[in-house]
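Biologist: Could you take me through one part of this chain, step by step? I am new to reading structures, so please explain each term as you use it.

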Amino acid sequence: MKNFVILGGGYGGLTIAKELLDKHIPDDVQVILVDRMPFQGLKTEYYALAAGTVSDFDLRVHFPDEQRLIRKYGEVTSMDLENKIVHFQDGEPLPYDQLVIALGCTDRFHNTPGAEEHSCTIQSFNHTRQTYLRLNEIKPYGHVHIVGGGLSGVEIAAELRESRTDLNITIMDRGERVLSAFPQRLSAYVHAWFKEHQVNALNHVAVSRIEPGAIYNRDEQIVTDAVVWTAGIQPVKIVQDLAVPKDPQGRIVLNEYYQIPDHPEVYVVGDCASLPYSPSAQAAEVQGEQIAHIVRDLWKGQTPHPHPLKLRGTLGALGKKAGFGYGFMGSTSLRGRVPRLLKSGVLWKSKRHFG
């Protein structure tokens, strides 16, 4: 039997598995899904888990119960691309004939002293649980500082405000406005929401270091009870350690079939892949669909014809009743209750394996 191994059961890896299972798989191929846990964590909703408005059970999507899918649980420590072997912290190595790297990302701390040691994060289920405990044990009227004014920072600031109306919440960004990658009108809408709900927004901030109980804007000390870091991501260390070409963000450079050029039996999907889009769950799923089509064509001995990736737009939440969106029907911006309902609908579909 030939081993088709998928490392990571997140948005990209699970999409590939589901797409392959929906069609015929050659009799001499077995699909093996490798993950640390027996479920996918809905990472786009980790901000709500950290804020305490949902339980971790609500964000688990169990892997398909499919006879043709072999599930293996373990911590991957390295990949030997030359010998086609995956190594684990415990247990026997796993040989492969084809491999999908879908291991996701981790925080990028930009060499900021104390950031990794003294801040909370939401890049993994485990870290998000710890962040929840830290934030929800803060005494009334304590101070929380969120570093990074992108989508994750905005969502956790808003959700935490609804969860803990007593806390003093500040979102800090180095740019002139939050959501700098979005149109000005959406940033203005979010700033207005923050003002109405008493979330302080500090712009042009340069976090120089973080210490227990303090965060520094250059030389200015700011007293804090907790710092949440949402100021950048990078591929996981296992991918960082691979001796293959990477782009300036550390993501693996691929050919037109999303393969590592010197190792065409290895595909890379999601946050580890060098794509023309910023890392996101949607990009990982769309790319995962394409990879599944490519793999099936190659199994049939046909030449794949991949299409350019097309994303449907981005949705963000401001608590449970408001939200925003951009990229739908051209450059249309959405604000208010409608985009929040759309985001809830996307979550509903994800929980039921509908993409």
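Modeller: Here is a walk through the strands, starting with the annotated region. This is a predicted model, in which local features need pLDDT of at least 70, side-chain atom pairs count only at pLDDT 80 or more, and totals for chains, interfaces and linings use all residues. Residues are numbered from 1 along each chain as its sequence is written, and side-chain values use heavy atoms, with hydrogens and water left out.

The UniProt record, an unreviewed entry, lists residues 3–288 as "domain: FAD/NAD(P)-binding". UniProt positions are given in the numbering used here, with feature names shortened, and annotations may be inferred rather than shown by experiment. Over residues 3–288, helix makes up 25% of the chain and strand 29%, while the end C-alpha atoms lie 18 Å apart. Helices (H or I, at least four residues) and strands (E, at least two) are DSSP runs, numbered from the N terminus.

Let's begin with an open sheet of three antiparallel strands, in the order S6-S7-S8. Its edge strands, S6 (76–80) and S8 (94–95), each pair on one side only. Two strands count as paired if DSSP finds at least two bridges between them. S6 and S7 (residues 85–88) run antiparallel and are joined by four bridges; valine 76 has phenylalanine 88 in S7 as its bridge partner. As background, strands of a sheet pair through backbone hydrogen bonds, either parallel or antiparallel.

Now to strand S12 (residues 168–172), where four of the five residues are buried, meaning under 20% relative accessible area (over 50% is exposed, in between is partly exposed; 1.4 Å probe, protein chains only). Strand S11 (residues 143–147) pairs with S12 in the parallel sense over five bridges, and histidine 145 stands opposite threonine 170 in S12. Together, S11, helix H5 (residues 151–163) and S12 make a right-handed β-α-β unit. Right-handed says that, with the strands pointing away from the viewer, the path from the first strand over the helix to the second runs clockwise.

S12 also runs parallel to strand S13 (residues 199–202), joined by four bridges, with isoleucine 171 partnered by alanine 201 in S13. From S12 the chain crosses through helix H6 (residues 184–196) to S13, in a β-α-β crossover that is right-handed.

Last comes a hairpin made by S14 and S15, with two residues between them. Strands S14 (residues 207–211) and S15 (residues 214–217) pair in the antiparallel sense over four bridges, and valine 207 stands opposite asparagine 217 in S15. In the turn, glycine 213 has a positive phi of about 85°.
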